[in-house]
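The following paragraphs walk through a predicted model of two protein chains and two DNA strands. Please keep the sequence and the structure open while reading.

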2 protein chains.
Amino acid sequence: MRGRGPWWHDRFQEYGWRITPSREIIMDVLHNTKEHINASDIYIKAHAMNPAIGLTTVYRTLEMLEKTGMVQKFDFGDGMARYELINNPGAKDHHHHLICMNCKRIIDYTEFIDDEIDFIEKTQSKLSKKYNFKIAGHMINFYGLCEQCSKAMA
Amino acid sequence: MRGRGPWWHDRFQEYGWRITPSREIIMDVLHNTKEHINASDIYIKAHAMNPAIGLTTVYRTLEMLEKTGMVQKFDFGDGMARYELINNPGAKDHHHHLICMNCKRIIDYTEFIDDEIDFIEKTQSKLSKKYNFKIAGHMINFYGLCEQCSKAMA
DNA sequence: TTTATTATTGAAAATGGTTTTCATTTGCAA
DNA sequence: TTGCAAATGAAAACCATTTTCAATAATAAA
């Protein structure tokens with residue numbers, strides 16, 4: 001019966017998780033979201049598709065997905081976590097972040113990613129060897145003051 | 001009158017902040033903490049030195065420090081933020097993180113930092129030029145499953 | 001197919017880190 | 001020394017997330 005449903009059905013079965021309407025919709029929302037999205041926005045979208053879905057289930061599903069490495073959780077320090085499907089074919093190109101410590105603005109940049117790949121792959125393989133760590137993703141953030149905020153402070 | 005008090009007195013005056021006993025102690029705690037520390041632990045240490053200090057003041061001071069780039073705020077997604085003085089002479093050597101998505105264990109690694117410096121400096125100068133961003137610090141995290149958790153899941 | 005088991009569910013309550021309120025105190029410029 | 005805005009602590013509010021609990025539904029077994 002493989003290959004009949006969406007790609008993630010196999011992953012769910014592998015972990016012994018049941019395939020339920022709520023989970024189908026949450027996966028659908030994640031799959032169709034190009035950037036990192038917070039739990040509340042997932043809930044709003046999922047709830048619009050099926051009002052029976054509760055926020056609790058969103059949180060519970062995200063926790064499962066995160067713990068098995070299907071989803072990456074981001075915490076930029078602005079009070080709510082954001083989530084993104086790992087290896088999502090429809091996702092926005094991989095990017096890193098520039099975060100303003102004053103106004104909390106987050107700039108996603110992709111410009112220099114190519115230069116970074118070499119570095120990341122090297123580091124990743126050294127780390128996973130040394131610490132026996134199965135690395136699924138990474139996050140690179142630069143912190144500072146954005147143009148507006150550094151002007152405002154001058 | 002420069003150079004009389006601790007190094008950060010100048011920074012405070014520059015921003016028009018008053019120098020108060022609470023702030024002196026909080027700066028002292030931050031200065032004498034080698035790793036990232038959470039607000040509650042800062043409060044415990046500060047409160048031991050002077051019971052008049054409240055948790056509220058700890059949070060307020062950290063917010064000020066973060067917004068002006070004197071402190072870097074870290075959020076590893078385990079429910080509480082951590083803080084570290086930027087350019088703290090007494091600090092632990094700069095390090096990056098390996099975070100287990102399942103058990104939330106955080107491994108600080110320093111092994112390959114030298115290889116990373118070149119990459120970071122290059123990226124940093126390109127980014128600050130392109131986005132007019134004053135970069136004060138960065139964070140590099142790798143996410144995955146630690147040895148114990150990946151064994152437990154097999 | 002039917003049934004039994006057990007995971008999953010949503011609503012509501014609880015949790016806990018962080019922020020706000022507010023009346024009081026205090027640093028510091030004049 | 002004085003005046004006043006900034007800073008303070010305690011308590012309350014806030015709010016994202018987690019837990020509780022009784023009801024429901026997915027799946028394996030019969």
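Begin where the two protein chains meet. Strand S6 (residues 134-145) of chain A and S6 of chain B run antiparallel to each other and pair over eleven bridges; two strands count as paired if DSSP finds at least two bridges between them. Across this pairing, A:His138 stands opposite B:Phe142 in S6 of chain B. Helices (H or I, at least four residues) and strands (E, at least two) are DSSP runs numbered from the N terminus.

This is a predicted model, in which local features need pLDDT of at least 70 and side-chain atom pairs count only at pLDDT 80 or more, while totals for chains, interfaces and linings use all residues. Residues are numbered from 1 along each chain as its sequence is written, chains are lettered from A and ligands numbered from 1 in the order in which they are written, and side-chain values use heavy atoms, with hydrogens and water left out.

The rest of the interface can be described around that strand pair. In total, 48 residues of chain B are in contact with 48 residues of chain A, contact meaning heavy atoms within 4.5 Å. About 4,600 Å² is buried between the two chains, and carbon and sulfur atoms give 64% of that area. Buried area here is the accessible area (1.4 Å probe) that two parts lose on being put together, summed over both.

Between chain B and chain A there are two salt bridges, a salt bridge being a side-chain nitrogen of Lys or Arg within 4 Å of a carboxyl oxygen of Asp or Glu. A:Lys104 and B:Glu66 meet in a salt bridge, at 3.3 Å from N to O. There are also 14 residue pairs in polar contact between the chains, both residues at pLDDT 80 or more. A polar contact is a pair of N or O atoms within 3.5 Å; within protein, one must be able to donate a hydrogen and the other to accept it, and residues adjacent in sequence count only if both atoms are side-chain atoms. On the side of chain B that touches chain A, S6 of chain B gives the most, with twelve residues. The residues of that side divide into 22 nonpolar, 13 polar and 13 charged. In this division Ala, Val, Leu, Ile, Met, Phe, Trp, Tyr, Cys and Pro are nonpolar, Asp, Glu, Lys and Arg are charged, and the others, Gly among them, are polar.

Now turn to the DNA. Around DNA strand C there are 20 residues, of which A:Thr20, A:Ala52, A:Thr57, A:Arg60 and B:Tyr59 come nearest; a residue is near a strand if one of its heavy atoms lies within 4 Å of it. Sugar and phosphate make up 66% of the atoms of DNA strand C that come within 4 Å of the protein. Bases are approached too: a polar side-chain atom of A:Arg60 lies 2.6 Å from a base nitrogen of the strand, and one of B:Arg18 lies 3.0 Å from a base nitrogen. A backbone N or O atom of A:Gly54 lies 2.9 Å from a phosphate oxygen of DNA strand C.

DNA strand D is surrounded by 21 residues, the closest being A:Tyr59, B:Thr20, B:Ala52, B:Thr57 and B:Arg60. A polar side-chain atom of A:Tyr59 lies 2.3 Å from a phosphate oxygen of DNA strand D, and one of B:Arg23 lies 2.9 Å from a phosphate oxygen. H4 of chain A, together with helix H2 (21-31) and H4 of chain B, each give two or more residues to this surface.
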